[in-house]
Amino acid sequence: MKWIKRKLNNMSFRKKMLLFIFVISFIPLLTMGVFSYVVFRKNLVEREQSNMRDYMSQAVLGMENKIDIYNNLSDYIAYNQTISNVIGYKYDSSQYTSSFEVYKQLRDFVDPLISGVKYFNQDMEALTLYVDSDIVKHDSTITTLNEAEDAEWKKKLSANQDNGIYWFVEPENSKVYLVRNMPLLAQLESEGYLYIEVEYESIFDMFSKMESGQYGVVIYDEDGEEIYSFNSFETDKYILDSDVLYEGIKSNDDTIRNNYKIKDNNRRFTVVKEVTKEGWTAVIYKPDAVINMSIRALVSVVIGVSLVCIILSSLIATIVSGRFVNTIEKMTDNMKEVEAGIYEVKIHSDSKDEVGSLIRGFGNMVNRINTLINEVYKGKLFQKEAEMKALQAQINPHFLYNSLSLINWKAIEAKQPDISRITLLLSKFYRTSLNKGKNITSIKDEISNIQSYIDIQLMMHDNGFDVEYDIDHDIMEYSIPNLLLQPIVENAIDHGIDMNTERRGRLQVSGKLINGEDIEIKISDNGVGMSEETAQQMLTASSKGYGVKNVNERIKHFYGDEYGITVNSAEGEGTEIIILIPAMNM
């Protein structure tokens, strides 16, 4: 004890605190870890067993529901008087005078019923009526009993002679089907059977979709023959021998939803079974080794959490020992930065002591200084910038229009009509583009804007392409965002018509009202076109200028995601841009 006391006296306060926290943390953590492992392991195993029972019940219920659907469907067909009347009578002079009359009855009455049944049951593989009447074989729906003479199901039904429904499964052929007598045919002194084949996987698909992790499923018929199996194991080492599994569940007399422990080659499996209404035995099994993986993960978590808690305790001791000194040093550094003009608070404290109050007071002071700077200095700066932009918006358009007007008069005096015309077009283009600083204009003015632009382009191209306009007069007074069409037209000329050297270029602009609510404007060219992938990228890829993507985003910003641009293009044929906006008045 003296040695321990001497060692403790020689330790620094920081080390004493670390040792104390470690001791008082380790013992409770160890006790809690052992207790948690025992309790959690028990709960985990019970939960896994309960989950297996629930998964099996749900899967069996899903399978039985599908079987019930086809049982009810077979009742509907077997007890259908119309079908029995058509296929049951021997046709002679009193009933049918020819095979064609029988065919008409089949076509008009039986085929629609059978087609409707198949349409609403897509997983039905086949539906066949076997009859002993004089009826001629009709497609795959109706045939004679002779074709089923050697079938096992025919022998079973002939032996029982009842109205029951019998299900047969041939796993080697992946076939599952039901058969039954046609009871109404007996009243007509005839014999017949209904055969319905269902897709094998669709009947048992619930067993392959259970959320049970790694598991195996086996289904046996009433004779103990395996009719379906499935496993989701990553390796074959966990698969339970089917004979061992069947013998294990048959030798146990407990209730059908109990858990069993079956051993196979020194491996233990947790097993849950359930007997279906058809007399089949459905079994789900999971190796104990797989269940224990979760338990081992739990142990790792408990150990990891304990280590983290011990490390955190040590860190807390270190932090607490130097808390006050470290905090004051950080605040001093922060104050020096404020003196240098960096108004940013880098230290905060929720402590209620004097140091905490000092830190919060310093932070409030710096925040207030920042607020004053933003309100006074930056506010005045933004105001000056706004005034300058407003002044430029007033001066530049007038200066531009006056300059263009002067050029126009000079061109007229010099008898240069081309220069005069292009000057007037340019003046008109910029006047409609600037639109007195407004973001919304009429479709009439927007069309006028692009007409001026296109006329300028025609002069620059020596009238090297044709232009067609087809604008519905009814849409002219509706509103549209300013400068929406010009980037599209420019793109069609620069990247469509100019790139095509094989034929004369053609630019088409059309607009119309659709559905009485929306406006559709199309701009198309017969240029080089593009692939479908490139066309889609036009609406997503960024560009250096104001392109199609920007126009599309602008439309969606104004009107919502249901409006925007659609691009249709084909390589070597041209491109069509469709703009959809709502019909809104100015």
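The points below describe a predicted model, going from the whole protein to one sheet, one helix and some charged pairs.

1. Overall content. The protein has 586 residues, of which 40% are buried. Its secondary structure consists of 16 helices and 17 strands. Of the contacts between residues at least 6 apart in sequence, 62% join residues at least 24 apart.

2. Surface. About 34400 Å² of the protein is exposed, and carbon and sulfur atoms supply 54% of that area.

3. A sheet of 5 strands. An open sheet with mixed pairing is formed by 5 strands, in the order β12-β14-β15-β17-β16. At its edges are β12 (465-471) and β16 (564-570), each of which pairs on one side only. From one strand to the next, the twist averages 10 degrees.

4. The β16 edge. Strand β16 runs antiparallel to β17 (residues 574-582), and 7 bridges join the two. To find this pairing in the model, look at G564, whose bridge partner in β17 is L580. Helix α16 (residues 548-559) packs on the sheet here, touching both β16 and β17, and its direction makes about 150 degrees with that of β16.

5. The β12 side. Helix α13 (residues 443-460) lies across three strands: β12, β14 (505-514) and β15 (518-525). Relative to β12, helix α13 runs at about 170 degrees.

6. The buried face of α5. Helix α5 covers residues 152-160, and its buried residues are W153, K154 and L157. These residues line one face of the helix, because they fall within an arc of 100 degrees when seen down the axis of α5. The cover over them includes four strands: β1 (124-131), β3 (165-170), β4 (175-181) and β5 (192-199).

7. The other face of α5, and its end. Exposed residues E152 and A159 sit on the face of α5 turned away from the buried side. After α5 comes Q161, which has a positive phi, near 50 degrees.

8. Salt bridges in general. Side chains of opposite charge can pair when their charged atoms come close. The structure holds 9 salt bridges; points 9 to 11 take up some of them.

9. E48 and K286. The side chains of these two residues meet in a salt bridge, with 2.6 Å from N to O. E48 belongs to helix α2 (residues 13-78) and K286 to strand β10 (residues 281-287), so the pair ties together parts that are 238 residues apart in sequence. Are the two partners buried or exposed? Both E48 and K286 are buried.

10. K522 and E520. In this salt bridge the closest N and O atoms are 3.9 Å apart. K522 has a relative accessible area of 25% and is therefore partly exposed, whereas E520, with 16%, is buried.

11. A charged network. Salt bridges that share partners join K66, D205 and K209 into one network. Between K209 and D205 the N to O distance is 3.6 Å. How do these two side chains stand with respect to the surface? K209 counts as exposed because its relative accessibility is 57%, while D205 counts as buried because its relative accessibility is 16%. The cut-offs behind these labels are under 20% for buried and over 50% for exposed.

Definitions and conventions: Residues are numbered from 1 along each chain as its sequence is written. This is a predicted model: local features need pLDDT of at least 70, side-chain atom pairs count only at pLDDT 80 or more; totals for chains, interfaces and linings use all residues. Side-chain values use heavy atoms; hydrogens and water are left out. Two strands pair if DSSP finds at least two bridges between them. Axes are lines fitted to C-alpha atoms, for helices over the stretch in contact, and angles run from 0 to 180 degrees between N-to-C directions. Contact means heavy atoms within 4.5 Å. A salt bridge is a side-chain nitrogen of Lys or Arg within 4 Å of a carboxyl oxygen of Asp or Glu. Buried means under 20% relative accessible area, exposed over 50%, partly exposed in between (1.4 Å probe, protein chains only). The arc is that of the directions from the helix axis to the C-beta atoms. Accessible areas come from the Shrake-Rupley method with a 1.4 Å probe; for residues, only the protein chains shown count as cover.
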